[in-house]
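Trainee: I should like to request a close look at one part of this structure, followed by an account of what surrounds it.

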Amino acid sequence: MTQEADILLYHIGQLLTMDGSEGPVKGQNMSKLDVLEDGAVAIKDGKVIAVGKTHDLKHIEAKEKIDCQGKLVTPGLVEPHTHLVFGGSREHEMALKQQGVPYLDILKQGGGILSTVQSTRETPEEELLEKARFHLNRMMSYGITTMEAKSGYGLDYETEMKQMRVAKQLQEEHKLDVVLTFLGAHAIPENYKDDPDTFLNEMIAMLPDIKEKNLAEFVDIFCETGVFSVEQSREYLQKAKESGFEVKIHADEINPLGGAEMAAEVGAISADHLVGTSDKGIQMLAENNVIATLLPGTSFYLGKEKHARARDMIEAGVSVALSTDFNPGSSVTENLQFIMNLAALNLKMTPEEIWHAVTVNAAHAIGRGDQAGIIAVGRAADIVIWDASNYLYIPYHYGVNHVNTVLKNGEKVFERGGWHG
Ligand SMILES: O=C(O)CC1=NCN=C1
Ligand SMILES: [Zn+2]
C-alpha cells in the first residue's frame, strides 16, 4: 500500500496551529488560542497534508510515525529582527555597562555599533559566513525556522554589500528561511559625523544595486538621539519605498522621538523596540496596521527599568510580535524562548499573546505571513516538538532550551542531544 505520509505525529498533548488568523492577529484576538488536545499532524513532501485528533488520523500510513507522548507541538518559531552578520564581539563593553555608562554614550565614544563596524570591516567574508551560520544553527536549535537578518555593521558600500552577500548565501544554502534587511542607516560613521545627510544619501545610492542583486527585501533605519532624527528617517524610508522596498524602523528604543508615529505615516510593515512610544504613537500603529515588534531582551540587557508598553498596545488593537534583537552589543542571545519569558515578566504579556507574537505575528512582520508561523494543510511543515506538555510551560521555565525536535519543511533539522548521565 503506498504510504500516504512521510511522517505522522500523533498523541500530541497540545497542538497549537495558530490557524484561522487572516493577517496579523491584533489586540484582544491575541488572547484567543485554539488548542487541540491529543492532536496529530501528517506530513508529506515537506508539507502538512492533514491536521486533526489522533483518532482521526491514526489510520494514515506513514514512513515514520512519531508518538509525541503528550508533548506540546507548535509551528516553528519566527524570529523577525536580528543583526545576524557581524564580526568580533563586545564583551569588553560589559564593564562600561556595569559602571552605568549609557548605550548611546558608548556609541558616541566610538564604541558600540561603531566597534562592531570596525570588526566587520576587518573580517573576511568567508569568516563572516561561518560565524553567521553558527549563530543561525543555534537559533534553529531554539526552535526558530524562519528569521530575518540585517546588515548595518559596514556603513560603507563594500562592507554593507559583504554583509548582505553573506546573508543571501545563508538564504540560499541554509535549511532555515532567511529574510534580508538593509540597515546601512544603523549609525553615523566617524568620517561623516558632521554630515549625516551626505552619509544617508550614500546609503540611498546603494538601493538600486541592492535591488538589482536582490540582496534585501526590507530597508531599516535606527531612529534615535545621536543617530538619525525622525525627519531624516522619514525622508530615508520614503526614498526606500520609492525604490521598491518595504520598510521597518528601530523606533523609540531609548528616547521617545516619535518614531512610531512616523512609522505609521510612512506605512512601515513594522516598528521595532518602541520602549518610549507615546499613546498617540500606539494609536497610530493600531490605526495603520503597523506591527509592533518588541524586544524585551534589549531593555533587559541594557538594564532599563522601562519596557515597551505591550499591554497598552494590545488594548489599543496593535499586532505585537517578539524578537531576540540578536546582536553583539545590546541583546546578545539567540534564545527566543528566554524572550518569551521576559515578555511574560517584563511586558506582562499572557502566554496566549506570547505564542501569537513568536509565530504568526512575527511572520507577518517580515512579510512571511502566508508561509510561516502557522500549521495548516498545504503549508510547509515547519514544526517544533517541545519537552513540555503544555504551552504555559515555555514562558514559565526560563533560560534553558525546551526544544525536543525541530522539523523544517518536514525534515528533522534539530533533535535534542542525548544526555550521558
Ligand atoms: O548595538 C548594536 O549592535 C545593535 C543595535 N542597534 C540599535 N540598537 C541596538
Ligand atoms: Zn535591532
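Is the crossing in which H5 passes H6 left-handed or right-handed?

Mentor: Please keep in mind that the model is predicted. The crossing in which H5 passes H6 is right-handed. Helix H5 covers residues 125-141, and its axis lies 9 Å from that of H6, with a packing angle of about 50°. That angle makes H5 oblique to H6, because an angle has to be under 35 degrees to count as roughly parallel, and 65 to 115 to count as roughly perpendicular. On the H5 side of the contact you will find Glu 125, Leu 128, Leu 129, Ala 132, Arg 133 and Leu 136. They meet Lys 162, Arg 165, Val 166, Gln 169, Leu 170 and Glu 173 of H6.

From H6 we may step back along the chain. The loop between strand S7 (144-150) and helix H6 (157-173) holds Tyr 153. With a relative accessibility of 1%, Tyr 153 counts as buried, because buried means under 20% relative accessible area. Its C-alpha lies 6.5 Å from that of Phe 86, although 67 residues separate Tyr 153 and Phe 86 in sequence.

A second helix pair offers a comparison. Helix H7 (residues 196-205) and helix H9 (residues 230-242) have axes that come within 11 Å and cross at roughly 15°. H7 and H9 are therefore roughly parallel to each other. The crossing of H7 past H9 is right-handed. Pro 196, Asp 197, Leu 200, Asn 201, Met 203 and Ile 204 form the H7 side of this meeting, while Gln 232, Tyr 236, Lys 239 and Ala 240 form the H9 side.

The third pair is H10 and H11. Their axes come within 8 Å and cross at roughly 25°, and H10 and H11 are therefore roughly parallel to each other. Here H10 passes H11 in a left-handed crossing. H10 contributes Ala 260, Glu 261, Ala 264 and Glu 265 to the contact, and H11 contributes Lys 280, Gly 281, Met 284 and Leu 285.

H11 deserves some further attention. Within this helix, residues 279-287, the buried positions include Gly 281, Ile 282, Met 284, Leu 285 and Ala 286. The buried residues of H11 pack against helix H10 (259-266) and helix H13 (310-315), and against strand S11 (270-273) and strand S12 (291-294).

Two residues in this region call for a look at the backbone. Most residues other than glycine have a negative phi. Asn 289, which follows H11, has a positive phi of about 55° although it is not a glycine. Asn 289 is placed in the loop between H11 and S12, and its 47% relative accessibility makes it partly exposed. His 273 is not a glycine either, and its phi is positive, near 85°. His 273 belongs to strand S11 and, at 3% relative accessibility, counts as buried.

Let us now turn to the metal site. The zinc ion (ligand 2) has as its protein donors His 81 (NE2), His 83 (NE2), His 250 (NE2) and Asp 325 (OD), at 2.0 to 2.5 Å. The 4 donor atoms subtend angles of 82 to 168°, so the arrangement is irregular. Along the sequence, the spacing of the donor residues is H-x1-H-x166-H-x74-D. The pair of His 81 and Asp 325 links distant parts of the chain, the two being 244 residues apart. His 81 is in the loop between strand S6 (77-79) and helix H2 (94-98), and Asp 325 is in the loop between strand S13 (320-322) and helix H14 (336-345). His 81 is buried, with a relative accessible area of 0%, and Asp 325 is buried with 1%.

One last residue takes us to a strand. Ala 62 is found in S4, which spans residues 62-67. Ala 62 counts as buried at 9% relative accessibility. Its C-alpha is separated from that of Lys 44 by 8.8 Å, and Ala 62 and Lys 44 are 18 residues apart along the chain.

To return to your request: H5 is oblique to H6, and H5 passes H6 in a right-handed crossing.

How values were computed
Residues numbered from 1 in each chain as written. Chains lettered and ligands numbered in written order. Predicted model: local features only at pLDDT ≥ 70, side-chain atom pairs only at ≥ 80, totals over all residues. Heavy atoms only, no water. Donors = N, O, S within 2.8 Å, 3.2 Å for Na, K, Ca; no water. Tetrahedral: all angles 85-135°; square planar, octahedral: opposite > 155°, others 65-115°. Helix = DSSP H or I, 4+ residues; strand = E, 2+ residues; numbered from the N terminus. Buried < 20%, exposed > 50% of the residue type's maximum accessible area, 1.4 Å probe, protein only. Contact = heavy atoms within 4.5 Å. Axes fitted to C-alpha atoms, helices over the stretch in contact; angles between N-to-C directions. Parallel < 35°, antiparallel > 145°, perpendicular 65-115°, else oblique. Left-handed = near helix turned anticlockwise from the far one by under 90°.
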